[in-house]
Amino acid sequence: MSTDHAASRRSYYTVFLVLLVCTFLTWQVAYFDLGPLNTLVALGIAIFKATLVVLIFMHARSSPRLTWIVIIAGLFWLGILLVLTASDYLTRTWI
Amino acid sequence: MPDRPAAVAHDHFAHQFESLEHQKEVSLLGMWVFLVTEILFFGGLFLTYTVYRHWYPAAFAAASHEMIVWAGTLNTVVLITSSLTMALAVNAAQEGQRRTLMMFLIATMVLGCVFLGVKAFEYYTEYVERHVPGPGFQFEAEYASQAQIFFSLYFMMTGLHALHMIIGLGIMAVMLWLAWRGTITAEYASPIEISGLYWHFVDIVWIFLFPLLYLVGRHVH
């Protein structure tokens, strides 16, 4: 068991470093004009960071399948909230 | 119950479960279900933000430009570091190392306080610069009313996040007390694991708030 825990600790430090690099990237990339890509890059990095936190820090990777279903169901309902509302508000100017 | 196995005869074992492991899985699952409701709770605010930013992109860029970027970046680093110390606290709890656990819980709480201190400094600065929505709000005339929407969302989203941080500090204080009393052992570490899930979730909310509130239209000015 203790070797498992030592391995987890190593992965926590790795994730921590990756998260710091990603924060630096988000911050610096905002000063370059990429047009509409600025927001997409910022959100892409944020989603990547959040995924790392969920999988490693929150142990989702080694959690039972039931936990996975709960997480995916939550994201699915968030998707419904965002996509259905956006399909109205963000398309009003298309007509 | 004389035929109960020795491993199950634990002070914090509830009789409806098959084993301590089963009890732990159920309590972790309960926390995940709560976090799903939190995702949708914050999701509504992120959705409102998206709609208004889509309507008033120029005003949102101008208002976001008033944010103190170094403070937001510093707070992102502080929260990520607190997530690391929280993960290490859970690790120490699972190994039954009481002193290490208490040390990392204290480190997490100190970092949480640093975050709230920086946030308070920002709120004070925004108050002095008259960026708090209401009768005293001041902004360049062209965007004044639309920028007020940005700042309303900013204060609601970061305020709700800060409230979660304050609750998190309370939870950590209770965990520290449990660890100090020796309630937390390698067999019964689930209170720390559940608190860890909450703390990491609050970190994730900030990971999204930081670019959406502080970094919009940075390249324009």
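Biologist: Which residue follows H3(B), and what is the sign of its phi?
Modeller: B:Gly96 comes after H3(B), with a positive phi near 75°. Helices here are DSSP runs of H or I with at least four residues, numbered from the N terminus (strands are E runs of at least two). This is a predicted model, where local features need pLDDT of at least 70 and side-chain atom pairs pLDDT 80 or more, while totals for chains, interfaces and linings use all residues. Residues are numbered from 1 along each chain as its sequence is written, chains are lettered from A and ligands numbered from 1 in the order written, and side-chain values use heavy atoms, without hydrogens and water.

Biologist: How many residues has H3 of chain B, and what is its reach?
Modeller: Helix H3 covers residues 69-94 of chain B, 26 residues in total. From first C-alpha to last it reaches 38 Å, close to the 38 Å expected at 1.5 Å a residue. The expected span is 1.5 Å times one less than the number of residues.

Biologist: Is H3(B) mostly covered or mostly open?
Modeller: Mostly covered: 21 of the 26 residues in H3(B) are buried. Buried means under 20% relative accessible area, exposed over 50%, and partly exposed in between, with a 1.4 Å probe and protein chains only.

Biologist: Different topic. How many residues does each chain bring to the contact?
Modeller: Chain B brings 42 residues and chain A brings 43; contact means heavy atoms within 4.5 Å. The two chains bury about 3,900 Å² between them, 80% of it on carbon and sulfur atoms. That area is the accessible area (1.4 Å probe) lost on putting the two parts together, summed over both.

Biologist: How many salt bridges cross the interface of chain B and chain A?
Modeller: The rule finds 1, with a salt bridge being a side-chain nitrogen of Lys or Arg within 4 Å of a carboxyl oxygen of Asp or Glu. A:Arg9 and B:Glu95 meet in a salt bridge at 3.0 Å, N to O.

Biologist: Now B:His131. Where is it, and is it buried or exposed?
Modeller: B:His131 is in the loop between helix H4 (98-128) and helix H5 (144-181) of chain B. B:His131 counts as buried because its relative accessibility is 5%.

Biologist: What does B:His131 touch?
Modeller: Leaving out residues up to four places away in sequence, B:His131 touches B:Glu66, B:Glu126, B:Phe137, B:Gln138, B:Phe139, B:Phe151 and B:Phe155. B:Phe137, B:Phe139, B:Phe151 and B:Phe155 are among the members of one aromatic cluster, which also includes B:Tyr49 and B:Phe60. Rings of Phe, Tyr and Trp (its six-membered ring) pair if their centres lie within 6.5 Å; planes under 30 degrees apart are stacked, over 60 edge-to-face, and the rest tilted.
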